[in-house]
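Colleague: I'm new to reading models like this one, and I'd like to take one part of it slowly. Could you pick a stretch and walk me through it, explaining the terms as you go?

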Amino acid sequence: MSLSAAACLCEPTLQGGTWWILHVRWRRVKPATLKDVAALANVSRATAARALNSYGYVGDETAQKVHAAAEKIGYRGNRLVQALRSGQLPIVGCILGDIQNPFFARIALDIEVLVRECGHNLIIGSSEEELGQEVSLLASLQSLSVRGFIVAPTSADSNVHLQCLTAENVPLVLIDRVAEGVDYDSVVVDTEGRGAQGCRCGRAR
């Protein structure tokens with residue numbers, strides 16, 4: 001629920017200058033509802049819902065009236081409810097080792113940009129390099145029916161929770177580390193290759 005403020009100013013006379021004192025009174029503003037849209041467009045709530053959510057049949061003229069009414073009163077709808085009806089939220093879950101680590105912080109930034117460009121939102125969690133925390137975060141995100149996961153696994157061999165994602169055909173990408181028994185793509189840094197390349201460059205000099 002949004003808030004709006006009503007303010008009044010008074011100007012007391014004080015030695016050394018004038019001071020403005022701002023008094024703010026907050027009042028709750030009820031957001032526009034589907035019922036409001038339907039009433040303004042002179043249609044039923046069911047028709048308004050079909051027009052705004054693009055399901056079922058609604059005539060072009062009626063659909064235009066509903067969308068115009070929604071725009072006029074600032075109706076935004078409830079994306080959470082709509083997503084729950086469809087069975088999936090437009091969210092990707094990302095679990096990193098330690099988001100205070102500059103390496104993971106940069107990865108999180110790049111992932112967020114790419115996910116946003118795909119029209120999704122990103123939820124980031126930090127396992128703090130603890131397996132129990134990783135399992136808990138994964139379970140919490142699964143309860144939201146997110147679209148998929150990007151995980152930096154804390155363990156190379158304790159990965160039953162990740163293997164379960166394989167069995168359920170949940171999209172998953174591993175980053176920075178690999179996990180035994182998890183048949184998914186992994187994006188890792190080739191530290192050995194970069195080290196060998198550095199040695200070759202050093203000898204060449």
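Modeller: Let's start with the whole chain and then follow one stretch of it, with a short detour to a helix pair at the end.

A quick word on the ground rules. This is a predicted model, where local features need pLDDT of at least 70, side-chain atom pairs count only at pLDDT 80 or more, and totals for chains, interfaces and linings use all residues. Residues are numbered from 1 along each chain as its sequence is written, and side-chain values use heavy atoms, with hydrogens and water left out.

The protein has eight helices and nine strands; these are DSSP runs, with helices being H or I of at least four residues and strands being E of at least two, numbered from the N terminus. Of its 205 residues, 27% are buried. Here buried means under 20% relative accessible area, exposed means over 50%, and partly exposed is in between, using a 1.4 Å probe and protein chains only. Contact will come up a lot too, and that word means heavy atoms within 4.5 Å. Take the contacts between residues at least 6 apart in sequence: 46% of them join residues at least 24 apart.

Now to our stretch, beginning at helix α5, which covers residues 102-117. Side chains of opposite charge can pair when their charged atoms come close. The rule for a salt bridge is a side-chain nitrogen of Lys or Arg within 4 Å of a carboxyl oxygen of Asp or Glu, and by this rule the count comes to two. One of the pairs is D110 with R106, with 3.2 Å between the closest N and O atoms. D110 and R106 are four residues apart in α5, and that is why about one helical turn separates them. D110 is partly exposed at 35% relative accessible area, while R106 is exposed at 52%. The pair E112 and R116 also forms a salt bridge, and there the closest N and O atoms are 2.8 Å apart. Both E112 and R116 sit in α5, four residues from each other, about one turn of the helix. E112 has 28% relative accessibility and therefore counts as partly exposed; R116, with 48%, is partly exposed as well.

Move along the chain to strand β6, residues 121-126, and find G125 in that strand. G125 is buried, with a relative accessible area of 11%. Leaving out neighbours within four places in sequence, G125 is in contact with C94, I95, L96 and L137. You can also check G125 against L138: they are 13 residues apart along the chain, and their C-alpha atoms are separated by 9.0 Å.

Next comes the loop between β6 and α6, which holds E128 and also E129. E128 isn't a glycine, yet its phi is positive, about 55°. E129 isn't a glycine either, and its phi is positive at about 60°. E128 is exposed, at 52% relative accessibility, whereas E129 is partly exposed, at 37%.

That loop leads into helix α6, residues 131-142, where you'll find E134. Is E134 buried or exposed? Its relative accessibility is 1%, so E134 counts as buried. Not counting residues up to four places away in sequence, E134 touches I95, S127, V151, A152, P153, T154, H161 and L162.

Past α6, L144 lies in the loop that runs to β7, residues 148-151. L144 is partly exposed, at 33% relative accessibility. Its C-alpha atom is 8.8 Å from that of I91, although L144 and I91 are 53 residues apart along the chain.

Finally, the detour. Two packed helices are described by the angle between their axes and the distance between the axes. Helix α1 (residues 34-41) and helix α3 (residues 60-73) pack at about 120°, with axes 8 Å apart. Those axes are lines fitted to C-alpha atoms over the stretch in contact, and angles run from 0 to 180 degrees between N-to-C directions. The pair α1 and α3 is therefore oblique: angles under 35 degrees count as roughly parallel, over 145 as roughly antiparallel, 65 to 115 as roughly perpendicular, and the rest as oblique. On the α1 side the contact is made by D36, V37, L40 and A41, and on the α3 side by K65, V66, A69, A70, K72 and I73.
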